[in-house]
Amino acid sequence: MTRAAGGRAAGRAARGGAGEARGGAGDARGGAGEARGGAGEGARPARLTGAQAHARYEALVARAMTAEDPVAALRAAAEDPALPPALRKALLGADEDGVRMSALLVARLRFERLLRGSPEAEAWFDRDPAEFSAAFRRYHAEVPPTAFFPPGEARLFRRWMESPSAPARAR
């Protein structure tokens, strides 16, 4: 991604009276930092504080990293009227090849963490790589990447496998 998309320019633009957001995107699928209130059709979106805008920006980027088409996801995120113009511009200015490469690295790291943290997932991959890979793609798209270590990724995957949206698989 460009320096503006991930670096100092976006950080400076996001700072406001509340200061810089600490932490990460939280739930990258939800509306981290979304403004509360009922902006109806045609109404102006609620104004976000600097910290809220930065949190929302991070959530949108995190969501794009797990999207089927991360570049299209960032372009769509740039349409968010609640984001300040500088952050919308940063999303639009992200280098497309850099975005694609970043998304591939995120997926690869999750895949490796999962196989290292879950003997069951590793056995499934050895037994039927195509079926496991299809399940992993769905998992990667549906579950925000919040684990840093293999055991955490394994717990997320196990929880997802127990959910109704997970595929039925032969054990």
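The largest nonpolar core in this predicted model holds 19 residues, and the ones with the most contacts inside it are Tyr57, Leu74, Leu83, Leu91 and Val99. A nonpolar core here is a set of buried Ala, Val, Leu, Ile, Met, Phe, Trp, Tyr and Cys residues joined through side-chain atoms within 4.5 Å. Buried means under 20% relative accessible area, exposed means over 50%, and partly exposed is whatever falls in between, with a 1.4 Å probe and protein chains only. Helices H3 (50-65), H4 (70-77), H5 (85-92) and H6 each put at least two residues into this core. H3 supplies the largest share, with six residues. Apart from that core sits another one, of 16 residues, including Phe132, Phe157, Met161 and Ala166.

Some ground rules before going on. Residues are numbered from 1 along each chain as its sequence is written, and side-chain values use heavy atoms, with hydrogens and water left out. Since this is a predicted model, local features need pLDDT of at least 70 and side-chain atom pairs count only at pLDDT 80 or more, while totals for chains, interfaces and linings use all residues.

Now zoom out to the whole chain. Its secondary structure comes to nine helices and zero strands, so the elements read α-α-α-α-α-α-α-α-α from the N terminus on, given that helices (H or I, at least four residues) and strands (E, at least two) are DSSP runs numbered from the N terminus. Of the 171 residues, 37% are buried. Take the contacts (heavy atoms within 4.5 Å) with a separation of 6 or more: 64% of them are between residues 24 or more positions apart. The chain exposes about 9900 Å², with carbon and sulfur atoms supplying 54% of it; accessible areas come from the Shrake-Rupley method with a 1.4 Å probe, and for residues only the protein chains shown count as cover.

Back to the core for a moment, and to Tyr57, which lies in helix H3. Tyr57 counts as buried because its relative accessibility is 4%. Its C-alpha is 9.2 Å from that of Ala78, which is 21 residues away in sequence.

Next, the pocket. The largest one has a volume of about 440 Å³, where grid points are joined across faces, edges and corners and the volume is the space filled by probe spheres set on the points. On a 1 Å grid over the protein atoms alone, a pocket is an open set of points with protein on both sides within 12 Å along at least five of seven lines, and lining residues have an atom within 4 Å of a point. In this case 16 residues do the lining, and Leu104, Ala107, Phe136, Arg137 and His140 lie nearest the centre. The elements giving two or more residues to that lining are H6 and helix H8 (129-142), with H6 contributing the largest share, six residues.

Those two helices also meet through a pair of side chains. Arg110 is found in helix H6 (residues 96-117), and His140 lies in helix H8. Their side chains make a polar contact of 3.1 Å, meaning a pair of N or O atoms within 3.5 Å; within protein, one must be able to donate a hydrogen and the other to accept it, and residues adjacent in sequence count only if both atoms are side-chain atoms. Which class do these two fall into, buried or exposed? Arg110 is buried because its relative accessible area is 0%, and His140 is buried as well, at 9%. Leaving aside neighbours within four places in sequence, Arg110 is in contact with Thr66, Phe136, Tyr139, His140, Val143, Pro144, Pro145 and Glu153.

Stay on H8 for Ser133, which is found in that helix. With a relative accessible area of 21%, Ser133 is partly exposed. A polar atom of its side chain lies 2.8 Å from the backbone oxygen of Pro129. Ser133 and Phe111 are 22 residues apart in sequence, and their C-alpha atoms are 9.2 Å apart in space.

Last stop: Pro119, found in helix H7 (residues 119-127). Pro119 counts as exposed because its relative accessible area is 58%. The C-alpha atoms of Pro119 and Ala154 are separated by 9.0 Å, with their positions 35 residues apart along the chain.

Notes. On a 1 Å grid over the protein atoms alone, a cavity is a set of points where a 1.4 Å probe fits but cannot get out, and a pocket is an open set with protein on both sides within 12 Å along at least five of seven lines; lining residues have an atom within 4 Å of a point.
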